[in-house]
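Grab a pencil and get ready to look around a protein chain. Try each exercise yourself before you read its solution.

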Amino acid sequence: MSRRSGRRPSSARDLALVAVFAALIAVLGLPGALSPFGNAVPITLQTLGVMLAGSVLGWRRGALAVLVFLLLTVAGLPLLAGGRGGLAVLTGPSVGYLIGWPLGAAVTGWLVERRLPALPVWWGVVANALGGIVVVYAVGVPVQAAVLGTSTVVSVAIGALAFLPGDAVKVVVAAVVASAVHRGYPAASPLAERDRVPTRTR
């Protein structure tokens with residue numbers, strides 16, 4: 001009798017891709033961060049890495065790549081833009097956005113997987129906008145308001161509007177790159193990951 005295993009073992013390729021995208025998020029923090037209008041949460045390129053992780057790797061591996069990055073950061077490595085790291089990042093005003101990153105990558109990846117093996121750029125834009133902006137902001141804004149204490153959700157949301165132009169550019173870049181990757185390197189696709197699930201016979 002043949003049956004498919006309910007578990008998906010992580011291949012060496014999957015682990016390598018997760019590590020590469022965790023490193024990519026870290027590298028995108030090297031240019032530093034901007035804090036326009038004195039916003040307590042800085043603008044960084046690392047959200048682009050989060051979008052790329054979800055839209056290239058799919059929901060499971062994309063979220064895992066972001067979680068690996070965050071675990072290394074909390075463990076003390078200065079991987080966040082500006083050289084931040086350690087347990088202190090869990091008490092800062094940006095902690096809600098950090099919590100939203102793996103959720104955003106998962107939502108982006110789940111939406112992308114609905115259109116594979118081909119990924120139209122327009123669908124990539126929709127997926128990254130919903131996962132990389134809507135989901136991340138939905139977690140980040142109320143948590144930031146709670147951490148700051150004196151701010152209301154509305155005032156924090158208004159301040160977060162400063163992030164939108166840059167995030168819109170990141171959405172388009174991530175969609176274009178992901179579409180090209182899925183066309184030119186299908187081995188990175190979540191569909192290839194599923195195809196490697198073994199069939200067991202007994």
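Here are some exercises on this predicted model, each with a worked solution.

**Exercise 1: Get an overview**

Task: Find how many helices and strands the chain has, and in which pattern they follow along the sequence.

Solution:
- Step 1. Count the elements: you should get seven helices and two strands.
- Step 2. Now read along the sequence, and the pattern comes out as β-α-α-α-α-α-α-α-β.
- Step 3. Look at burial too: of the chain's 202 residues, 45% count as buried.
- Step 4. Finally, take the contacts with a separation of 6 or more: 74% of them are between residues 24 or more positions apart.

**Exercise 2: Follow T44 to Q46**

Task: Work out whether T44 is buried or exposed, and which backbone atom its side chain reaches.

Solution:
- Step 1. Locate T44: you'll find it in the loop between α1 (12-27) and α2 (46-74).
- Step 2. Check its accessibility. The relative value for T44 is 10%, and buried means under 20%, so T44 counts as buried.
- Step 3. Trace the side chain of T44, which gets to the backbone nitrogen of Q46 at 3.0 Å.
- Step 4. Move on to Q46, which sits in helix α2. Its relative accessible area is 1%, so Q46 is buried as well.
- Step 5. Look for a polar partner of the Q46 side chain: one of its polar atoms lies 2.9 Å from the backbone oxygen of I25.
- Step 6. List who else Q46 touches, skipping residues up to four places away in sequence. Among them are A26, L28, G29, F69, L79 and W101.

**Exercise 3: A partly exposed residue**

Task: Decide which burial class L24 belongs to, and find how far its C-alpha atom is from that of V66.

Solution:
- Step 1. Place L24: this residue is in helix α1.
- Step 2. Compare with the cut-offs. Buried needs a value under 20% and exposed a value over 50%; L24 has 29% relative accessibility, so it counts as partly exposed.
- Step 3. Jump 42 residues along the chain to V66: the C-alpha atoms of L24 and V66 are separated by 10.0 Å.

**Exercise 4: V95 and the α3–α4 pair**

Task: Find what V95 is in contact with, then describe how α3 and α4 pack.

Solution:
- Step 1. Find V95 in helix α3 (residues 95-113). Its relative accessibility is 8%, so V95 counts as buried.
- Step 2. Ignore neighbours within four places in sequence, and you're left with V89, L90, V143 and V147 as contacts of V95.
- Step 3. Pick out V143: V95 and V143 are 48 residues apart in sequence, yet 7.3 Å apart in space, C-alpha to C-alpha.
- Step 4. Zoom out to the helices. The axes of α3 and α4 are 7 Å apart, and the packing angle is about 160°. Angles over 145 degrees count as roughly antiparallel, so that's the label for α3 and α4.
- Step 5. Note the hand of the α3 and α4 crossing, which is right-handed. The contact of α3 with α4 has 18 nonpolar, nine polar and no charged residues.
- Step 6. Before you leave, check the loop between α3 and α4, where P117 is found. A cis peptide bond joins L116 and P117, with omega about 20°.

**Exercise 5: Two more helix pairs**

Task: Work out at what angle α4 packs with α5, and which residues of α2 make the contact with α6.

Solution:
- Step 1. Start with α4 (residues 121-148) and α5 (residues 153-160): they pack at about 125°, with axes 8 Å apart. That makes α4 oblique to α5.
- Step 2. The crossing of α4 past α5 is right-handed. On the α4 side, Y137, V141, P142, Q144 and A145 make the contact, and on the α5 side V153, V156, A157 and A160 do.
- Step 3. Sort those contact residues by class: eight are nonpolar, one is polar and none is charged.
- Step 4. Turn to α2 and α6 (residues 164-184), whose axes come within 9 Å and cross at roughly 35°. Here, too, α2 passes α6 in a right-handed crossing.
- Step 5. Name the α2 residues in this contact: T47, L48, M51, L52, S55 and V56. Their α6 partners include D167, K170, V171 and H182.
- Step 6. Sort the α2 and α6 contact by class, and you get 10 nonpolar, three polar and two charged residues.

How values were computed
Residues numbered from 1 in each chain as written. Predicted model: local features only at pLDDT ≥ 70, side-chain atom pairs only at ≥ 80, totals over all residues. Heavy atoms only, no water. Helix = DSSP H or I, 4+ residues; strand = E, 2+ residues; numbered from the N terminus. Buried < 20%, exposed > 50% of the residue type's maximum accessible area, 1.4 Å probe, protein only. Polar contact = N/O pair within 3.5 Å; in protein donor to acceptor, adjacent residues only side chain to side chain. Axes fitted to C-alpha atoms, helices over the stretch in contact; angles between N-to-C directions. Parallel < 35°, antiparallel > 145°, perpendicular 65-115°, else oblique. Left-handed = near helix turned anticlockwise from the far one by under 90°. Contact = heavy atoms within 4.5 Å. Nonpolar A, V, L, I, M, F, W, Y, C, P; charged D, E, K, R; others polar.
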